[in-house]
Amino acid sequence: MLGRFDAHVRSLRSPRAVLTGGNLVAQGISFFGGLILAKVLGASGRGDVAAIAVYNEASTRGFALGIPAAVGHHATRADERDRTHAEAQLLGAAARLSLLIAPVGALVAWLVFTFALGETSRPIRLLIVAAIVATPAFSTVPNSGRMILVARGQLRAVGVITVVQASSRAVLYGAFALAGGLTATSAGLILLGTEWAVAAVTLVVVGVRPRRGGSARPLMGYGMKTVPGSLATLTNSRLDQILMVPLLSSADLGIYAVAVGIAFVPINLGSTLGLSVFREAAADDATRRVTSMRMIQATRWIVAGTVVSCLAAYLLIVPVYGEEFSRSTWPAVLLIIGSGFAGCASVLVQIANACGRPSYGSWGSVSALVVTLVGLPIALPALGVVGAALVSLVAYSLTAVILFALVRRDGLVFVDPASVDDETGPHQPTGVGAGPVGDPGAPRTDPTGDGRSRGDLS
């Protein structure tokens, strides 16, 4: 009994568990940062800050072109004897590609500023433009560096970086609020400034300077396979808020931002646990026993997180945020259920990527894209924020179902269910970080190339 307990405790100290815990802590801190914004700025100001965050994330995902994911993929396969040189060349190739993307970012920023922001105030418009223009330099390359850390197995460093970014942002929100200087504009500056500062810190932690000599073709070859899925995922997760900026009021977007911010637990669990499967899935044998075990363990945690989050949202939104945000309750419950499906989809995407099928994530997301594109124009004007949440729920659930069908069809999970049942019996530790004692963890990879979750709207 004591031996089993000791093994379970040690498994919870693994890099996988540290990364999972770090991401959850960071999202929890972001939740409190969002709470500060809601309390001080009200629904309208919260909506203005959410608009900056939405476009910041949209540009990060849209202009990444799968480059960070490709860097992680190739860094995982680098020769240990020449790893530093290979990593430097990968970063150099990512930097060259980001420079090519920069003019497109400037054009998109001008189009958004001119046509897509409705009655948003000029300071908020300028911050949105800054977020879009700065994406190649302050997002694509640093996220490529983060994927190199993951490929090395330095998951603790990734977890610490994530917590530092969320903590510094929340502390600054609180300090400005106490000083009476927290406005939507100052909050937007804090949001972007902390992200750019942490991007620079990430490159310092990687400790590798970009070098010439690496070919960009392998990165584009792998990355472009993820682009349809990345853009479809972006559309599924952010189009509702992007459309709210010109079509609804800032207060409506603020109401929805609170709902989105509460829905982070299931999708963040799925994202983090899915990332940790990558190396094991790539090395698993034909029975797919280890991969199937990880899938079962991740699903259990995601379901538990979904149930707890739904109860918390239903019972606590009004007491915590105030009556102004009472309309956030049902959108939050619907989004939490949807994020549970999205979390399971994240695990399946990592399994497919590890087994050389990066296009599967695209297929699942593109299928859900149809639901989003058809559903939002109907549901958003008719039902407002509740309609947007319903469309997201249907889209996420469809993605998960399609991905599971594809992965199961190809025998990437549950090839031998009997062996999986044996391994997941009561004698095995389960949960975050469960696995053999001394398990070094596994690298993170993300087909969107940004390492974010839907809940990061602060």
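This is a short tour of the chain as a whole, followed by a closer look at a few of its residues.

**Ground rules**

What you have here is a predicted model, so to speak of local features we ask for pLDDT of at least 70, side-chain atom pairs count only at pLDDT 80 or more, and totals for chains, interfaces and linings use all residues. Residues are numbered from 1 along each chain as its sequence is written, and side-chain values use heavy atoms, with hydrogens and water left out.

**The whole chain**

Start with confidence: pLDDT is the predictor's confidence in each residue, from 0 to 100. Its mean over the chain is 81, and 82% of the residues reach 70 or more. Two stretches with poor scores are worth marking. Residues 1-12 stay under 50 and have 11 contacts beyond four places in sequence, a contact being heavy atoms within 4.5 Å. Residues 422-455 are also below 50, yet the model gives that stretch 123 contacts beyond near neighbours in sequence. Where pLDDT is low, the predicted coordinates should not be read in detail.

The chain has 16 helices and zero strands; these are DSSP runs numbered from the N terminus, with helices being H or I over at least four residues and strands being E over at least two. Of its 458 residues, 58% are buried. Buried means under 20% relative accessible area, exposed means over 50%, and partly exposed is in between, using a 1.4 Å probe and protein chains only. Among contacts with a separation of 6 or more, 86% link residues 24 or more positions apart. The chain exposes about 17,600 Å², and carbon and sulfur atoms supply 69% of that, with areas from the Shrake-Rupley method, a 1.4 Å probe and, for residues, only the protein chains shown as cover.

**Thr60 and Ser144**

Thr60 lies in helix α2 (residues 15-64), and Ser144 is in helix α6 (residues 135-152). Both side chains make a polar contact to a backbone oxygen: Thr60 reaches Asn56, and Ser144 reaches Thr140. A polar contact is a pair of N or O atoms within 3.5 Å; within protein, one must be able to donate a hydrogen and the other to accept it, and residues adjacent in sequence count only if both atoms are side-chain atoms.

| Side chain | Partner | Distance |
|---|---|---|
| Thr60 | Asn56 backbone oxygen | 2.8 Å |
| Thr60 | Ser139 side chain | 3.4 Å |
| Ser144 | Thr140 backbone oxygen | 2.8 Å |

Thr60 is buried, with a relative accessible area of 1%. Its C-alpha is 9.1 Å from that of Phe138, although the two are 78 residues apart along the chain. Ser144 counts as buried too, at 0% relative accessibility. Leaving aside neighbours within four places in sequence, Ser144 touches Ile67, Pro68, Val71, Leu91 and Ala94.

**Turns and a helix**

Leu65 sits in the loop between α2 and α3 (67-76). Leu65 has a positive phi of about 55° although it is not a glycine, and at 23% relative accessible area Leu65 is partly exposed.

Helix α15 (residues 385-409) has 25 residues and spans 36 Å from first C-alpha to last, close to the 36 Å expected; that expectation is 1.5 Å times one less than the number of residues. Just after α15, Gly411 takes a positive phi of about 70°.

**Cysteines**

How many disulfides are there? The count is zero, taking a disulfide as a pair of cysteine sulfur atoms within 2.5 Å. Cys310 is buried at 15% relative accessibility, and Cys344 is buried at 17%.
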